[in-house]
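Got your viewer open? Let's walk through the pockets of this one, with a stop at the domains along the way.

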Amino acid sequence: MYQRGRAWIELNLSHLAHNVKQFQKILPKTCALMPAIKANAYGHGAALIGRALENMGISDFCVASLGEAIELRNAGITGQILVLGYTSPYQFSELSRYHLTQTVIDLSYAKQLNDFKEPVCVHVSIDTGMRRLGERSENIEQICQIWKLKNLRITGVFSHLCTADGQSAADHRFTREQISRFNANIDFLHKQGFSGFKTHLQSSYGVLNYPELNYDYARIGIALYGVLSSPSDRISAKVDLKPVLSLKSRIECVKELHMGESIGYGLTFTAPKEMKIAAVSIGYADGIPRELSNKGHVLVHGKKAAIIGRICMDQLLIDVSGLPDISSGDEVVLIGCCKDREISAANIAEYAGTISNEILSRLGNRLERIPV
Ligand SMILES: *Cc1c(COP(=O)(O)O)cnc(C)c1O
């Protein structure tokens, strides 16, 4: 297949290595990175990113689903892979077959795992305030009962923060509460004589805003890819993050648009003057939010070109009136740098009313992922 044909993703793996080093620098020496490479490594390509990270010496990963974990094993990843989400009892045999670590969702799920005939490696999830997965932290009796289950190899205990990205006093207070509940649980478990398990609490913003915390792992996702969730986010840690991903496409054709003519599905844009427009070979099926119709812009020849009309499944239209030498086949940048301009995933997210995590994780399968 001809690379960089229609629309593609370029992965800057030296930026990934740079981000890894940045986090290793701010985290305590005893804390290891456990990159979150779920959702196809936030759209970057799980196998490519997983292998690159393993080559950088990282040996622990987390994903959302069993299927994602198996895909990584099949891609040659040998380190620990923690499945953060639900695995059906029908698939428990795959956990041991692929040497995976499963999250214990609560006591009743722990019993289901225990009823499976073979021992399973697990990390126990504790709900300290997110109210998603995990036995509630105050149910310490139930949490302790998990340790009595003979078929579970408990190698980790973790929780998840839900306001670590916020800078308000209430956000800080809630995070501090989650931290102290988690620490109290860990102390209690140790006092019961339970040991030999690792602990982890922070994801990206947990590290970016509370870098002084000291657990065995940090489950970093979005920030490892070098972007913040929103361009306006303020963070406390001093880190220099470099975006790993660029998203590019090509001009398909260029044509004139006469004053008063309207374009695209629903004719939502009308030319206020004589214009030159171009069709670009990327659309919402590739992950460009349809929300950007008549809103966003792209970069061509180092200049901004507005997205006009409704974004289609496979194509979109742009205003290239100010660009004299434009022609079919020219490169279009949707995320990334073009000469001295840049569009970040967080910029697109802002236009679309979401966070960069959603924009990146929805980038489509049709896009080739090319390390550069
Ligand atoms: C997705 C996820 C992470 C990574 O989150 P980021 O904010 O992208 O760093 C960490 N832990 C859990 C439980 C998650 O679901």
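Keep in mind that you're looking at a predicted model. Start with the lining of the largest pocket, coloured by class: you should get 15 nonpolar, 13 polar and 5 charged residues. The space inside comes to about 730 Å³. To put your camera in the right place, select Lys 38, Arg 132, His 160, Leu 161 and Ser 203, which are the closest to the centre of this pocket among its 33 lining residues. Next, switch to cartoon and highlight α2 (38–42), β6 (120–127) and α9 (204–209), the elements that each give two or more residues to that lining.

Now zoom out and colour by domain. Domain 1 covers 13–225 and domain 2 covers 245–343. Drop a marker at the C-alpha centre of each domain and the distance between the two markers is 41 Å.

Next stop: the second largest pocket, with about 230 Å³ of space. Select Pro 243, Val 244, Leu 245, Ser 246 and Gly 336, which lie nearest its centre out of 21 lining residues. For the cartoon view, pick β1 (7–11), β11 (245–257), β18 (331–338) and β19 (341–343); each of these strands supplies at least two residues of the lining. Colour by class again and you'll find 12 nonpolar, 6 polar and 3 charged residues.

Where does this second largest pocket sit relative to the domains? Keep the domain colours on and look at the lining: domain 1 and domain 2 both contribute residues to it, so the pocket lies between them.

Technical notes
Residues are numbered from 1 along each chain as its sequence is written. This is a predicted model: local features need pLDDT of at least 70, side-chain atom pairs count only at pLDDT 80 or more; totals for chains, interfaces and linings use all residues. Side-chain values use heavy atoms; hydrogens and water are left out. Domain bounds come from an automatic or database domain assignment. On a 1 Å grid over the protein atoms alone, a cavity is a set of points where a 1.4 Å probe fits but cannot get out, and a pocket is an open set with protein on both sides within 12 Å along at least five of seven lines; lining residues have an atom within 4 Å of a point. Grid points are joined across faces, edges and corners, and a volume is the space filled by probe spheres set on the points. Helices (H or I, at least four residues) and strands (E, at least two) are DSSP runs, numbered from the N terminus. Ala, Val, Leu, Ile, Met, Phe, Trp, Tyr, Cys and Pro count as nonpolar, Asp, Glu, Lys and Arg as charged, and the others, Gly among them, as polar.
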